[in-house]
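Biologist: I am new to this structure and would like a close look at a single part of it. Please start there and then place that part in its surroundings.

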Amino acid sequence: MEDYLKEFQTLVKVHHFAEGYAQDIISESFFGFPLQTIVEAEKKLTSKETPSVAYFSMEYGLATSFYNCFHSNKPVSESNNLPKQNIFSNMRIRDYYFGFQIDNKIIDLPIYSGGLGVLAGDTLKSSADMKVSLVGIGILWRKGYFKQNFWFKDGQVPEELNWDPYTYPGLVPLDTIIKLHLKDQDLHLRLWKYYVYSSDKSHAVPLILLDSNLEENKQESRRLTDQLYRSDNAYIKIMQRLILGAGGVKALEALGYSIDRYHLNEGHAAMALVEKAGELGKDELKSIGNNFIYTCHTPVAAGHDRFPIKELEKILPDKNIEFIRDNGLENGDTANFTVLLMNRCKHVNAVAKKHGEITRLQFPQYAEKIQSITNGVHLPTWISAEVNALLKKYGVTTGDCFDQDEGPKKLEELRKNDQFRLDLWNAHQANKRLLKSIFENWGIKEDVFTLCWARRIAGYKRPSLIFKDPHRLVEIAKKTGPIQIFIAGKAHPNDNLVGTFINEIMNTIDALGKQSSILRIVMLENYDIFFGKLLTNSVDVWLNNPLPPFEASGTSGMKAILNGVPQLSTLDGWVVEAESAAADSDGGIGEIFGYRHKSGEPIGNELDLRLESDSVELYNSLEKLVKLYYETDEKGKVNINSKWIDVMINCLIQGHYFNTCRMVREYRDRMWFEKE
Ligand SMILES: *Cc1c(COP(=O)(O)O)cnc(C)c1O
């Protein structure tokens, strides 16, 4: 074995190495992973020969508890274990009697809140898989997002999350501390590092995390990197964005990285451009945007960062203010980060074709610049072991994202293979048995139609749509067959409107107590990547009902189709493309229902949720799906000729496109290292 430790230590200066990390970083191993891989990746990033990308994002969902887990010889702090959770179901007695805990599950690195973060994490993983020389920049959220409790009559009750970065396997503090010179203070930031390895561990992408919790900082400043998306005041929001953008640029310089492209995931990272501009002379300023890529993720107004220029003036040096005034001023007194980035970045993209169309409608002055690159999910993270093994057995190269034509062709052939159809059904049933065993105390069954709605709880995503008419739901279950529903998601703690949805949902679930023999509803606290994987892999139908056209892309349904799980969805985001691609296959990717936004029409009001009319359509589509599902049962035996299995196959076929390997390849070829 070669010894890479010396080289590693000259490249990466771990703080308190001897006391805290010497047992886990040894001659050839970094927390159980090859140390050589890190040495090589670090060298590429510091070399001028290799073109490199810096990717900035407020959050990263890395699925550290189940994908490429590092091993540590240090005991993990108690606070990093998944706490005991409550279940809120329409079997309330069971909720009281049974605690709910997954053994030995440690919390995923708590530096994400939902879909945007998971996408950023999947992007790093696929970049590693494709051996791109890339480094991620983010923030070490000392208190994560928040711990969620659902209390009957109170709804969502948030609690502070405390976890210990010092015993988190694979996460290391560096000696490096950078300084931001601001009007009111010098802000010190410690750098931390985490590494995202490729699936085959032959390449790695470092993730730099910034941390303001240092003694050198004043008390209030030490708490700036406590909690993700604190929105209680403009000052904290600005400072968090400054840390990510300006701190990120300084961190790259301090580490000696030679960066060719800066990719800003959402407007949160706009201060990176502002910081870079501040370093340049007037002549160089003209072309500053040539190295910048901006990905816009939302058509919802609140998703775009706007700050009073007065607030920014209290903090930022004058040269930064001047640049912002020249490039991103709105109504004379507001800095609009979206406008700033659209103005100056060479490449701007939306995250699905439909979203591209909507973004061009919203920002007509930049219409020519706005491209779309449809989101994806990281295949090795989200495909279940069962379905992966099945596809391998039949020679389908899902998982090899370099092949987008062969896989679908092969699956089309396999459609006629009875054994394959049976094996696919059985693979899904095996996944469902895992769900059943975890929720055994709630009587979840493997032969009952199971539906799930799980994601960030936001108004336009309409979490309560399926509970609009509980009588109709019961009627479907009585007439067509029993139904199990899972529901999970976190709402931003300051979103009061959404708080009322949660209360409504809980009241409805409670009122359905008498129906639990035919309709079981289980609501989970603390939806995270672990539950995201469990649910997308194992339920029968994935429910996705955002109000069109406000869902930029959505990704959870992509995780489901990879596993052959059909969709019950409105027509928005990625689904527009998948539905049209699967249009010629009988049954498509499931049932599409509800209001449709027509091209070119005004975007409408995101608060006009159309619950009445869309819920009627939802129930009709649900009824069709439940009926189709129960046709798979032929007197206790599986009816392998059932159309249901064709729909599952249609989903698998679409999975070949909606992954981050295809997405990263598009970013690489069109924006990072485009051929001129
Ligand atoms: C995939 C994922 C999401 C995104 O869900 P959407 O339906 O795309 O909004 C959110 N949270 C977690 C934990 C996820 O894994």
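By class, how many nonpolar, polar and charged residues does the lining of the second largest cavity have?

Modeller: The model is a predicted one. By class, 7 residues in the lining of the second largest cavity are nonpolar, 2 are polar and 1 is charged. The volume of this second largest cavity is about 80 Å³. Its lining is made up of Leu 62, Thr 64, Tyr 67, Asn 68, Phe 70, Lys 125, Tyr 194, Tyr 195, Val 196 and Tyr 197. The element that gives the most to this lining is strand β10, residues 186–197, with 4 residues.

Some of these lining residues also touch Phe 30. With neighbours within four places in sequence left aside, Phe 30 is in contact with Phe 70, Tyr 195 and Tyr 197, among others. Phe 70, Tyr 195 and Tyr 197 are also among the residues that line the second largest cavity. The other contacts of Phe 30, counted in that way, are Phe 8, Asp 24, Ile 25, Leu 35, Ile 38 and Gly 170.

Phe 30 leads on to the nonpolar cores. The largest nonpolar core has 122 residues, and Phe 30 is one of those with the most contacts inside it, along with Phe 8, Ile 25, Phe 56 and Leu 252. Helix α7, residues 234–254, gives the most to this core, with 10 residues. There is also a second, separate core of 88 residues, and Val 387, Met 506, Leu 512 and Leu 628 are included in it.

The protein is divided into two parts: domain 1 covers 5–375 + 664–672, and domain 2 covers 379–595 + 609–658. A distance of 30 Å lies between the C-alpha centres of domain 1 and domain 2. Across the boundary, 60 residues of domain 1 are in contact with 55 residues of domain 2.

The cavity described above is one of several. A search of the whole structure finds 4 cavities of 30 Å³ or more. The largest cavity has a volume of about 240 Å³. It is lined by 16 residues, and those closest to its centre are Ile 107, Phe 146, Lys 490, Asn 526 and Asp 528. In the lining of this largest cavity, 9 residues are nonpolar, 3 are polar and 4 are charged. Both domains take part in that lining, with at least three residues drawn from each of domain 1 and domain 2.

Phe 146, from the lining of the largest cavity, can be set against a residue early in the chain. Gln 9 and Phe 146 are 137 residues apart in sequence, and their C-alpha atoms are 35 Å apart in space. Gln 9 is located in helix α1, residues 5–11. Its relative accessible area is 32%, so Gln 9 is partly exposed.

After strand β10 comes a loop that leads to β11 (204–211), and Lys 201 is placed in it. Lys 201 is not a glycine, yet its phi is positive, at about 65°. Lys 201 counts as partly exposed because its relative accessibility is 30%.

Glu 266 likewise has a positive phi, near 80°, in a residue other than glycine. The loop that holds Glu 266 runs between β12 (261–265) and α8. With a relative accessibility of 5%, which is under the 20% limit, Glu 266 counts as buried.

Helix α8, residues 271–279, is mostly covered, with 8 of its 9 residues buried. Those buried residues are Met 271, Ala 272, Leu 273, Val 274, Glu 275, Lys 276, Ala 277 and Gly 278.

Two places further along the chain complete the picture. Gln 429 is part of helix α17, residues 418–438. Gln 429 counts as buried because its relative accessibility is 8%. Gln 429 and Thr 374 are 55 residues apart along the chain, and 31 Å separates their C-alpha atoms. The other place is the cis peptide bond that joins Pro 548 and Pro 549, where omega is about 0°. Pro 549 sits in the loop between β22 (541–544) and α21 (556–561).

Note on methods. Residues are numbered from 1 along each chain as its sequence is written. This is a predicted model: local features need pLDDT of at least 70, side-chain atom pairs count only at pLDDT 80 or more; totals for chains, interfaces and linings use all residues. Side-chain values use heavy atoms; hydrogens and water are left out. On a 1 Å grid over the protein atoms alone, a cavity is a set of points where a 1.4 Å probe fits but cannot get out, and a pocket is an open set with protein on both sides within 12 Å along at least five of seven lines; lining residues have an atom within 4 Å of a point. Grid points are joined across faces, edges and corners, and a volume is the space filled by probe spheres set on the points. Ala, Val, Leu, Ile, Met, Phe, Trp, Tyr, Cys and Pro count as nonpolar, Asp, Glu, Lys and Arg as charged, and the others, Gly among them, as polar. Domain bounds come from an automatic or database domain assignment. Helices (H or I, at least four residues) and strands (E, at least two) are DSSP runs, numbered from the N terminus. A nonpolar core is a set of buried Ala, Val, Leu, Ile, Met, Phe, Trp, Tyr and Cys residues joined through side-chain atoms within 4.5 Å. Buried means under 20% relative accessible area, exposed over 50%, partly exposed in between (1.4 Å probe, protein chains only). Contact means heavy atoms within 4.5 Å.
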